[in-house]
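The following explanation follows one stretch of the chain from a helix into a set of paired strands. Please keep the sequence and the model in view while reading.

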Amino acid sequence: MARPSDDQQRALAGLLGLGDHSARKSHYPELAARLDELEAERNRYKWLFENAVHGIFQASLQDGMRAANPALARMLGYDNPQALLQCLTDFASDLFVEADELHAITATLARERSLHGYETRLRRKDGSHIDVLMNLLLKPGHEGLVEGFVADITERKLAQQRLQQLNDELEQRVAARTDELLEANRNLQQQIAERKQIARALRDARDAAETANRSKDKYLAAASHDLLQPLNAARLLISTLRERPLPEAEKVLVERTHQALEGAEDLLTDLLDISRLDQAAVKPDVASYRLDELFGPLVSEFRTVADAAGLKLRARIGDYAISTDLRLMTRILRNFLSNACRYTDEGRILLGARRRGRHLRLEVWDTGRGIAQDRLQAIFLEFNQLDVGRAADRKGVGLGLAIVERIAKILGYRVEVRSWPGRGSVFSIEVPLGQAVPLPVHPAVPQPGTGNPLPGRRLLVVDNEVSILDSMGALLGQWGCEVVTATDQAGALLALQGQAPELILADFHLDHGVVGCEVVRHLREHFGSAIPAVIITADRSDQCRRSLHKLGAPLLNKPVKPGKLRAVLSQLLG
């Protein structure tokens, strides 16, 4: 440190709390000892003053800097304190950045005598600025003399600025992310609104489709019923003509008419069935039945069909009981047998059953044309038929096996098909076995040569369609039956003339909301006899089936197949 002037030395001595009494210390021993102690203390404070980390100074607010330590000199960019003292003679212009700052500090010190934690910026030698924290106090007894302690807070300020910058950046990122989230939320809300709109549109479309489907089903049911009535009458009349001896030309015409009506009947029946199955309107009514209850009517119905095609139909019926819906299972096997008769040119057809654990596999074998391996799955699709080659062989629209698949799905059964092209096919379905074999409720499969039970039997036919009465009367009359016809219950009692019929064939839906089941009950009560009855109807609803189940009468759907009608009548009258 450069040697200060006498005034500066006195200022430094005053800053350290020492006077110039050392000159007289040799006159008083005690004083000399005390002064030595003070000298040591002075040297110690001087060492601390010169080696302090923070800046320390003494200055006159009017005359400038009087004393400063090396730390302050370095802080302000000077080589030594002496250079600092020579330059800082005017605080207002040389030390403080702000011109009026010294005036404000002077006023505060005059009022409060000290100033603690005062942050400001000081001017360095090169003209740059430094951020400092100062504590100032007026020296007692020395007016205008101030002592100060200065700490460099540049790093702290930079850290604060960096922290503030980071905080600002964070706030900007948060704001940007918030904007992104808000935009994403708006997009999501828009997508949700669009999806809701699409969902509403889909619901509206679905409701419209369901409404249209219900309207279609109602129209189809109503139109089918109206179509089945004249079709039923036509089938009965054609069947009557087929059984009469006719010239060859007329016989060909009758046979072609019969085939055309049969095709229309099969198509209409399949359309009705597929419509009800797709609506899930078919509910299984599972019960235990003897196997011959299922096979017997089918053999009776298809034996005539097989004979007409030059085929031999055989049936193997074991003493089994099955747990199933008899009506739905009959529909499946009827489709199997119908296809077997249709696609077999020569040979035989076998209807049989094989036990497989707790199931019974019902099978229909044929010696027909067979099906290629790559076509086995396609035959169960709607409107799919085999390429039979001849237009005359194409009957229906290919719904038979599609109906089989749907019924099997409702019942929970498995359908299988195996085929050997050129050798034949076998269609099978597995049915659960019943717990016990029920007692027989009607004779087993009629065998050829057992006689015809129909000639001479007195039958009552009740139908509100006169054309059907005429057609049914002609067919039954040709079979040798005595036929009585009526359109309602009163007409039936009048026509019977007090003599009970041996069997009643009644339409389910008669005029004025009357159903055939009620007519049969009233006639049974009137004659006091459980007269056998058959209900003929185009109604395929479950309500109709339940009514017939209570009545204990078999059901034949319109249009009635003459072969099936004859088989049912033969069983009931045999």
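**Strand 15 and its surroundings**

In strand 15, leucine 503 is the bridge partner of leucine 459. This model is predicted, and the pairing just named belongs to a parallel arrangement in which strand 13 (residues 458-462) and strand 15 are joined over four bridges. Strand 15 also runs parallel to strand 16 (residues 533-537), again with four bridges between the two. Here alanine 506 stands opposite isoleucine 535 of strand 16.

Strand 15 itself spans residues 503-507, and five of its five residues are buried. The cover extends to both faces: Leu503, Leu505 and Asp507 lie on one side, Ile504 and Ala506 on the other, and all are buried.

Ahead of this strand in the sequence comes helix 13, which comprises residues 489-496. Its N-terminal end is capped by aspartate 488, a side-chain oxygen of which lies 2.7 Å from the backbone nitrogen of glycine 491. Just after the helix, glutamine 497 adopts a positive phi of about 55 degrees.

Beyond strand 15, the chain forms a right-handed β-α-β unit composed of strand 15, helix 14 (residues 516-527) and strand 16. Leucine 523 is located in helix 14. With a relative accessible area of 1%, leucine 523 counts as buried, because that value is under 20%. Leaving aside residues up to four places away in sequence, leucine 523 touches Leu460, Leu493, Ile504 and Ile531. Of these, leucine 493 is 30 residues away along the chain, and its C-alpha atom is separated from that of leucine 523 by 7.9 Å.

Key
Residues numbered from 1 in each chain as written. Predicted model: local features only at pLDDT ≥ 70, side-chain atom pairs only at ≥ 80, totals over all residues. Heavy atoms only, no water. Polar contact = N/O pair within 3.5 Å; in protein donor to acceptor, adjacent residues only side chain to side chain. Buried < 20%, exposed > 50% of the residue type's maximum accessible area, 1.4 Å probe, protein only. Pairing = 2+ DSSP bridges. Right-handed = clockwise from strand over helix to strand, strands pointing away. Contact = heavy atoms within 4.5 Å.
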